[in-house]
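Work through the exercises below with the sequence and the coordinates at hand, and try each task before reading its solution.

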2 protein chains.
Amino acid sequence: MGGDRGPGEIIRGALLAVDEYDLETILLGPRELIEKELTRAGCPDSGRRRIHIEHASQAVGMEESPVEAIRKKKDSTIMVGFGLVKQGKADALVSAGNSGATMAAAIKKLGRLDNVIRPGIASIFPTLKSPVVIMDVGANVECRPQYLFQFAVMASSCAHVLFGNQSPKIGLLSIGEEAGKGNTLIKETHDLLKKSSLDYAGNVEGRDVFQGNVDVIVCDGFVGNICLKISEGLAEAAMKMLGQEIKKSLPAQLGYLLARKAFRDFRKRVDYAEYGGAPLLGINGIGIISHGKSTALAIKNAIKVAVDMVDNRVNDSIVATLARNNLHP
Amino acid sequence: MGGDRGPGEIIRGALLAVDEYDLETILLGPRELIEKELTRAGCPDSGRRRIHIEHASQAVGMEESPVEAIRKKKDSTIMVGFGLVKQGKADALVSAGNSGATMAAAIKKLGRLDNVIRPGIASIFPTLKSPVVIMDVGANVECRPQYLFQFAVMASSCAHVLFGNQSPKIGLLSIGEEAGKGNTLIKETHDLLKKSSLDYAGNVEGRDVFQGNVDVIVCDGFVGNICLKISEGLAEAAMKMLGQEIKKSLPAQLGYLLARKAFRDFRKRVDYAEYGGAPLLGINGIGIISHGKSTALAIKNAIKVAVDMVDNRVNDSIVATLARNNLHP
């Protein structure tokens, strides 16, 4: 029931994933509405062998307070969904709804992994090389060095299972590459990372984010969320500005037509939809937050992220790495 | 002596400004080197009526610690230059060198304006509408709400004198538009701004930065610096990615040629060089930090920013607005 494009788009994404990844899916929401949308999406009753519906009468709005929403709406899609994960009836939940509420529902229903102080949200950014996993992008706006250290561990396990890096290289987001640069939080986190068994490459700056020289970037949720949003905003604004310039002349318009495929491939390369979802890390189960604007393709890819995390047992890896790097907080 | 392109580029920028804005300039650095570069830039002895040279034997490197640099290098360009400003022999200083050291030298030589707790660095970002002044972008990595409040006052005066807005609209950078969203620093700053005489529009998100719906955006120097660097990094990476896609096909290359002017105009629109420098605000004088990569054009535009700030008495405006909004810290 989340997502700005309505349930039809999400259902189409789920159907794509069912076909492509050979899995079963449970659609959460008002049963009648889902049945109608399934039919509209070209999936009649007879074609629903691997599609299940779990009725949930409520949905959490994008602007609702997460804590209140999960307290009041026990029959919301995210609460019912994480309930299924808890009972072992589902392996993972994907939601394009309210991220704060999805995180709160995950913690409420599933709890934290052993030794995790604060679960967080990771996000996968495109770069000039391989994608980079950035954590936290919004769950924890007030952080201690121990949280950031654990984000490094969790994002590192995530990069490992998603991209197959044996030993993901970790950067700490700061305002200068030298160890002494940054605020107190960064300096103390730097000391913790340096002493750890992780492959820590030191501080990275904002300008390094899209270079792809590290596999993981660690920051607090306030900074990470602003990075995510400013990047989305800039990409959108830049395309709009370029479009305005192109519209000003006929040769430029013709040129654009000729280069259209290059533009499309470029957009594909920087599009969040290609990477799908933002994994919730640190919870005792698998949850993926998908962008509110998610297209069917983005939903399909978010499901793929969930599949990879389940298949490669990301949580076992997190628990083991945390145990090896116990901070005794 | 700052700037990645060497003194020649900076001198060319200064010469452009002298011609275009009808002003005199003092070039700071080793006298002989400057004389040689002036001649190379096509400005012989006889053409130097409005060009002066002030000898400074030292230069601060980009990687030097600001505090140490200004203590040890009394005869560096920035120390000598702010000395001239202090003595009233110059109206402003423009530097493309080490920003931390430039700020430290400004505070050391000029001191703070009345009631200013922490001076900071403002930066001018392009948007879909008018440019926005963002402050702080790196001078203060650990902030209290009172600092951010004063950044709002100072950046607001700056937007007023640079862009002629009678009452610049101020946004507070956070991770949600509602008043309750953000960390403690943001929530407390929000309360201060709400009670003030400023035109405060509430929280803005990262995605709003390039929309141009506010004239000023306030944040701490850690967050602001990351915003600045991530935007530069993304713009660069995106152009590189688009270039790679275009190179893959002949029609796309032809298309690019046809649309080249649109690309150039687009780049001009997003280029930091068009806006010139980052004003130091809160110091008792005028100082502008120019990007290390500054071209002659960027230097010329940074000088224009300095001229506007001097002509429109930005510091009088800051002092008056602070007096009206005294926080009794």
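**Exercise 1. Establish how strand S4 of chain B is paired and how it is covered.**

Step 1. S4(B) pairs with strand S9 (residues 278-281) of chain B in the antiparallel sense over two bridges, where two strands pair if DSSP finds at least two bridges between them, and where helices (H or I, at least four residues) and strands (E, at least two) are DSSP runs, numbered from the N terminus. In S9(B), Leu280(B) is the bridge partner of Ile121(B).

Before continuing, note the conventions: this is a predicted model, in which local features need pLDDT of at least 70 and side-chain atom pairs count only at pLDDT 80 or more, while totals for chains, interfaces and linings use all residues. Residues are numbered from 1 along each chain as its sequence is written, and chains are lettered from A and ligands numbered from 1 in the order in which they are written.

Step 2. S4(B) also pairs with strand S5 (residues 132-135) of chain B, again in the antiparallel sense, over four bridges, and Ala122(B) stands opposite Met135(B) in S5(B). A hairpin of six residues joins S4(B) to S5(B).

Step 3. For the covering, call a residue buried if 20 or more other C-beta atoms lie within 10 Å of its own, exposed if 12 or fewer, and partly exposed in between, with C-beta atoms placed from the backbone. Strand S4 (residues 120-125) of chain B is then mostly covered, since six of its six residues are buried.

Step 4. In a regular strand the side chains alternate between the two faces of the sheet. Both faces of S4(B) are covered, with Gly120(B), Ala122(B) and Ile124(B) buried on one side and Ile121(B), Ser123(B) and Phe125(B) buried on the other.

**Exercise 2. Place these pairings in the sheet of each chain.**

Step 1. In chain B, an open sheet of eight strands runs in the order S3-S10-S9-S4-S5-S8-S6-S7, with mixed pairing. Its edge strands, each pairing on one side only, are strand S3 (93-95) and strand S7 (199-204) of chain B.

Step 2. In chain A, eight strands form an open sheet, also of mixed pairing, in the order S3-S10-S9-S4-S5-S8-S6-S7. Here the edges are strand S3 (93-95) and strand S7 (199-204) of chain A, each of which pairs on one side only.

Step 3. Take one pair from chain A as a check: strand S9 (residues 278-281) and strand S10 (residues 287-289) of chain A pair in the antiparallel sense over three bridges, with Leu280(A) standing opposite Gly287(A) in S10(A).

**Exercise 3. Determine how the two chains are related and what forms their interface.**

Step 1. Two copies of a chain are related by a rotation about an axis and a shift along it. Chain B is superposed on chain A by a rotation of 180° with 0.0 Å of shift along its axis (RMSD 0.1 Å), the fit being by least squares on the C-alpha atoms of residues with pLDDT of at least 70 in both copies. That is the relation of a two-fold axis, and in chain B the C-alpha nearest the axis is that of Gly255(B), 1.8 Å from it.

Step 2. Counting two residues as in contact if their C-beta atoms, placed from the backbone, lie within 7 Å, 51 residues of chain B are in contact with 52 residues of chain A. Helix H8 (221-247), helix H9 (250-258) and helix H10 (260-270) of chain B each supply at least two residues of the side that touches chain A, and H8(B) gives the most, with 20 residues.

Step 3. Because 100% of the interface residues of chain B are also interface residues in chain A, the copies meet through the same surface.

Step 4. For a single residue of this interface, take Lys261(B), which is found in helix H10 of chain B. Leaving aside its neighbours within four places in sequence, Lys261(B) is in contact with Ser249(A) and Ala252(A). Lys261(B) is classed as partly exposed because 15 other C-beta atoms lie within 10 Å.

**Exercise 4. Describe the surroundings of Leu23 in chain A.**

Step 1. Leu23(A) sits in the loop between helix H1 (7-21) and strand S1 (25-29) of chain A. With 17 other C-beta atoms within 10 Å, Leu23(A) is partly exposed.

Step 2. Not counting residues up to four places away in sequence, Leu23(A) touches Ala17(A), Val18(A) and Val307(A). The C-alpha atoms of Leu23(A) and Ile303(A) are separated by 9.9 Å, although these residues are 280 residues apart along the chain.
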